[in-house]
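Before reading on, please take a moment to look over the chain from its beginning to its end. The paragraphs below then lead through it step by step.

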Amino acid sequence: MRQVGHWYLRLDEEMMVEISPEEREAVLDRARGIIRSVEAMEFPATPDYNTCRFCDYADLCDDRYQ
Ligand code: SF4
(Lines give C-alpha, C1' and ligand atoms only; values in the text may rest on other atoms or scores of the structure.)
Protein backbone atom coordinates (compact mmCIF):
# COMPACT_ATOMS: atom_id res chain seq x y z
CA MET A 1 0.00 0.00 0.00
CA ARG A 2 1.06 3.53 -0.73
CA GLN A 3 -0.45 6.83 0.12
CA VAL A 4 -1.63 9.49 -2.28
CA GLY A 5 -3.52 12.64 -1.61
CA HIS A 6 -4.34 16.24 -2.14
CA TRP A 7 -2.67 19.25 -0.64
CA TYR A 8 -5.16 22.07 -0.14
CA LEU A 9 -2.96 25.11 -0.51
CA ARG A 10 -5.41 27.65 0.89
CA LEU A 11 -5.97 25.59 4.01
CA ASP A 12 -2.44 24.17 4.13
CA GLU A 13 -3.96 20.75 4.77
CA GLU A 14 -3.18 17.36 3.33
CA MET A 15 -5.75 14.63 2.79
CA MET A 16 -4.08 11.29 2.28
CA VAL A 17 -5.57 7.91 1.40
CA GLU A 18 -4.00 4.52 0.85
CA ILE A 19 -4.14 2.93 -2.58
CA SER A 20 -3.33 -0.58 -3.73
CA PRO A 21 -0.66 -1.32 -6.35
CA GLU A 22 -3.47 -2.01 -8.85
CA GLU A 23 -5.10 1.37 -8.18
CA ARG A 24 -1.71 3.07 -8.49
CA GLU A 25 -1.09 1.37 -11.85
CA ALA A 26 -4.55 2.40 -13.11
CA VAL A 27 -3.82 6.06 -12.24
CA LEU A 28 -0.41 5.87 -13.91
CA ASP A 29 -1.95 4.31 -17.04
CA ARG A 30 -4.46 7.15 -17.25
CA ALA A 31 -1.71 9.74 -16.79
CA ARG A 32 0.41 8.07 -19.47
CA GLY A 33 -2.56 8.18 -21.87
CA ILE A 34 -3.03 11.90 -21.22
CA ILE A 35 0.69 12.55 -21.74
CA ARG A 36 0.60 10.64 -25.06
CA SER A 37 -2.39 12.74 -26.21
CA VAL A 38 -0.65 15.99 -25.30
CA GLU A 39 2.56 14.94 -27.05
CA ALA A 40 0.55 13.99 -30.15
CA MET A 41 -1.34 17.32 -29.99
CA GLU A 42 -4.65 15.45 -29.79
CA PHE A 43 -7.23 17.45 -27.87
CA PRO A 44 -10.67 16.21 -28.89
CA ALA A 45 -13.50 18.43 -27.69
CA THR A 46 -15.86 16.90 -25.16
CA PRO A 47 -18.87 19.20 -25.32
CA ASP A 48 -21.27 18.95 -22.43
CA TYR A 49 -24.12 21.24 -21.38
CA ASN A 50 -22.80 21.81 -17.87
CA THR A 51 -19.21 22.34 -18.98
CA CYS A 52 -19.74 24.48 -22.07
CA ARG A 53 -22.12 26.94 -20.42
CA PHE A 54 -19.35 28.03 -18.03
CA CYS A 55 -16.49 27.82 -20.54
CA ASP A 56 -14.62 31.05 -21.30
CA TYR A 57 -14.04 29.87 -24.88
CA ALA A 58 -17.62 28.93 -25.77
CA ASP A 59 -18.04 31.94 -28.10
CA LEU A 60 -15.00 30.82 -30.09
CA CYS A 61 -15.57 27.07 -29.99
CA ASP A 62 -17.17 25.31 -32.97
CA ASP A 63 -17.79 22.20 -30.85
CA ARG A 64 -19.66 23.83 -27.97
CA TYR A 65 -22.81 22.16 -26.72
CA GLN A 66 -25.82 23.52 -28.65
S1 SF4 B 1 -17.16 25.30 -25.36
FE2 SF4 B 1 -15.70 24.03 -26.48
S3 SF4 B 1 -13.78 24.29 -25.37
FE4 SF4 B 1 -15.41 24.96 -24.02
S5 SF4 B 1 -15.94 23.17 -22.81
FE6 SF4 B 1 -17.31 23.21 -24.57
S7 SF4 B 1 -16.33 21.93 -26.12
FE8 SF4 B 1 -14.76 22.42 -24.58
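A residue is called buried here if 20 or more other C-beta atoms lie within 10 Å of its own, and exposed if 12 or fewer do. By that rule, none of the seven residues of strand 2 is buried, so strand 2 lies largely in the open. The model in which this is seen is a predicted one, and buried residues make up 0% of the 66 residues in the protein.

With this in mind, the overall plan can be followed from the N terminus, where the elements run β-β-α-α, giving the protein two helices and two strands. The C-alpha trace spans about 45 × 30 × 20 Å along its principal axes, and the radius of gyration is 17 Å, whereas a compact globule of 66 residues would have one near 11 Å.

The chain begins its ordered elements with the two strands, which pair in the antiparallel sense over seven bridges; within this pairing, V4 stands opposite V17 in strand 2. The two strands form a hairpin with four residues between them, and D12 is found in that loop, between strand 1 (2–8) and strand 2 (13–19). Although D12 is not a glycine, it has a positive phi of about 55°. D12 also counts as exposed, because it has 7 C-beta neighbours inside 10 Å.

After the hairpin comes helix 1, which has 19 residues and reaches 27 Å from its first C-alpha to its last, close to the 27 Å expected at 1.5 Å a residue. The number of buried residues among the 19 of helix 1 is zero, so helix 1, too, lies largely in the open.

What happens to the backbone just after helix 1? There M41 takes a positive phi of about 60°, although M41 is not a glycine. This residue belongs to the loop between helix 1 (21–39) and helix 2 (49–52), and M41 counts as exposed because it has 6 C-beta neighbours inside 10 Å.

The last part of the picture concerns the ligand, around which the residues are A45, P47, T51, C52, C55, Y57, A58, C61, D63, R64 and Y65. When the residues of this shell are divided by character, eight are nonpolar, one is polar and two are charged.

Methods: Residues numbered from 1 in each chain as written. Predicted model: local features only at pLDDT ≥ 70, side-chain atom pairs only at ≥ 80, totals over all residues. Near = placed C-beta within 6 Å. Nonpolar A, V, L, I, M, F, W, Y, C, P; charged D, E, K, R; others polar. Expected span 1.5 Å × (residues − 1). Pairing = 2+ DSSP bridges. Rg over C-alpha atoms; globule rule 2.2 N^0.38 Å.
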